[in-house]
Protein chains: 2
Amino acid sequence: MYSSELIKGTLKTIILALLTDEKKMYGYEITQKVKNLTGGKIQLTEGALYPTLHALEAQGILTTEVVNVGNRLRKYYTITPSGKSVAQEKVTEFSEFIATMRILLDLQPRAGEA
Amino acid sequence: MYSSELIKGTLKTIILALLTDEKKMYGYEITQKVKNLTGGKIQLTEGALYPTLHALEAQGILTTEVVNVGNRLRKYYTITPSGKSVAQEKVTEFSEFIATMRILLDLQPRAGEA
DNA sequence: CAAATATACCTAAGAAAATTATGTATTGTG
DNA sequence: CACAATACATAATTTTCTTAGGTATATTTG
């Protein structure tokens, strides 16, 4: 598990990147997918996740659809077309950011980085 | 300039990495070095920098030495031996974190990453 | 089969970290 | 000589997350 301060500010980027790939996910599913993909090193807390999802919806970046599964409800989130460009910008920005950080932290540059 | 939310949480790591290389720097010098090394893409604000430097000093990670240059004072920060191991941990953690983020964001893995 | 765990949503109080806005003072520059 | 740059600092506000709580159903396990 990474120190929380490091993960700060990446939550929106993570959510939008996943939804660009997956088309449609619900909150709990996002927490599990992140946990699995990162080997438990990043675990989203619900207190951070849900308010962020609501904010992204309010901004028109995500839309929702509530589905009943058995007797339990799931709120599926889908990324809108304008949301997709926001997602792309965020991922590109993060990519550039880590290239910049490599310079600052004296990490070896990797193949493919301009 | 990157969106500020992205840079959040990396300030301590940046400061400690620079001081591991440089041995001795003062606050304003840190802001300029970061600005130069990143082509202006990361610009530390004084309101964030100074309180963080003070905190690192209070934790015994940095020590200070005030020097008069002309009539103006400079407060030089030096990293302590125990601070160096903290710095190393932070840089390693960041390095692992971006490897994890590459997976999440579907970025291409780079040469040298296990 | 009861208890614990997992699934699934949510919010609110507080903490942490940054931004924004100041303030002080000296030095270099057009 | 005014303005920008150098050099420190703090305080109010904002943003973002953590912690802690609340509700409810489904599944696993002793």
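The following exercises, each with a worked solution, walk through a predicted model from its overall layout to its contacts with DNA.

**Exercise 1. Layout and confidence**

Task: Find how many helices and strands chain A has, in what pattern they follow one another, and where the confidence is lowest and highest.

Solution:
- Step 1. Begin with the inventory, in which chain A holds five helices and three strands.
- Step 2. Put these elements in sequence order, and the pattern for chain A reads α-α-β-α-α-β-β-α.
- Step 3. Consider the extent of the chain, whose C-alpha atoms fill a box of roughly 55 × 30 × 20 Å along the principal axes.
- Step 4. Turn to confidence: chain A has an average pLDDT of 92, and 94% of the residues score at least 70. Within chain A, the lowest confidence belongs to helix α1 (residues 4-7), with a mean of 86, while the highest belongs to β1(A), at 98.

**Exercise 2. The sheet of chain A**

Task: Work out in which order the strands of the sheet in chain A lie, and which of them are edge strands.

Solution:
- Step 1. Look at the pairing of strand β1 (residues 25-26) of chain A with strand β3 (residues 72-79) of chain A, which run antiparallel and are joined by two bridges. In this pairing, A:Met25 has A:Tyr77 as its bridge partner in β3(A), and A:Tyr26 stands opposite A:Tyr76.
- Step 2. Look next at strand β2 (residues 62-69) of chain A, which is joined to β3(A) by eight bridges and is also antiparallel to β3(A). Here A:Leu62 has A:Ile79 as its bridge partner. The hairpin of β2(A) and β3(A) has two residues between the strands, and in this hairpin A:Gly70 adopts a positive phi near 65°.
- Step 3. Combine the pairings to obtain an open sheet of three strands in the order β1-β3-β2 (chain A), with antiparallel pairing. The edge strands are therefore β1 and β2 of chain A, because each of them pairs on one side only.
- Step 4. Add the helix that packs on this sheet, which is α2 (residues 11-22) of chain A; this helix touches β1, β2 and β3 of chain A, and its direction makes about 90° with that of β3(A).

**Exercise 3. A helix contact between the chains**

Task: Describe how helix α5 (residues 81-105) of chain A packs with helix α2 (residues 11-22) of chain B.

Solution:
- Step 1. Recall that two packed helices are described by the angle and the distance between their axes.
- Step 2. Read both values for α5(A) and α2(B): the angle is about 35°, and the axes are 9 Å apart.
- Step 3. Name the residues that make the contact, which are A:Met101, A:Leu104 and A:Leu105 from α5(A), together with B:Thr13, B:Ile14, B:Ala17 and B:Leu18 from α2(B).
- Step 4. Sort the residues of this contact by character, which gives six nonpolar, one polar and no charged.

**Exercise 4. The surface near DNA strand C**

Task: Identify which residues are closest to DNA strand C, and which part of the strand the protein meets.

Solution:
- Step 1. Of the 24 residues that surround DNA strand C, the closest are A:Tyr26, A:Tyr28, A:Arg72, A:Arg74 and B:Arg72.
- Step 2. Among the atoms of DNA strand C that come within 4 Å of the protein, sugar and phosphate account for 69%.
- Step 3. Examine individual phosphate contacts: an N or O atom in the side chain of A:Lys75 is 2.8 Å from a phosphate oxygen of DNA strand C, and a polar side-chain atom of A:Glu5 lies 3.3 Å from one. For A:Gly27, a backbone N or O atom lies 3.5 Å from a phosphate oxygen of the strand.
- Step 4. Classify the residues of this surface, which divide into six nonpolar, 11 polar and seven charged.

How values were computed
Residues numbered from 1 in each chain as written. Chains lettered and ligands numbered in written order. Predicted model: local features only at pLDDT ≥ 70, side-chain atom pairs only at ≥ 80, totals over all residues. Heavy atoms only, no water. Helix = DSSP H or I, 4+ residues; strand = E, 2+ residues; numbered from the N terminus. pLDDT = per-residue confidence, 0-100. Near = heavy atom within 4 Å. Polar contact = N/O pair within 3.5 Å; in protein donor to acceptor, adjacent residues only side chain to side chain. Nonpolar A, V, L, I, M, F, W, Y, C, P; charged D, E, K, R; others polar. Contact = heavy atoms within 4.5 Å. Axes fitted to C-alpha atoms, helices over the stretch in contact; angles between N-to-C directions.
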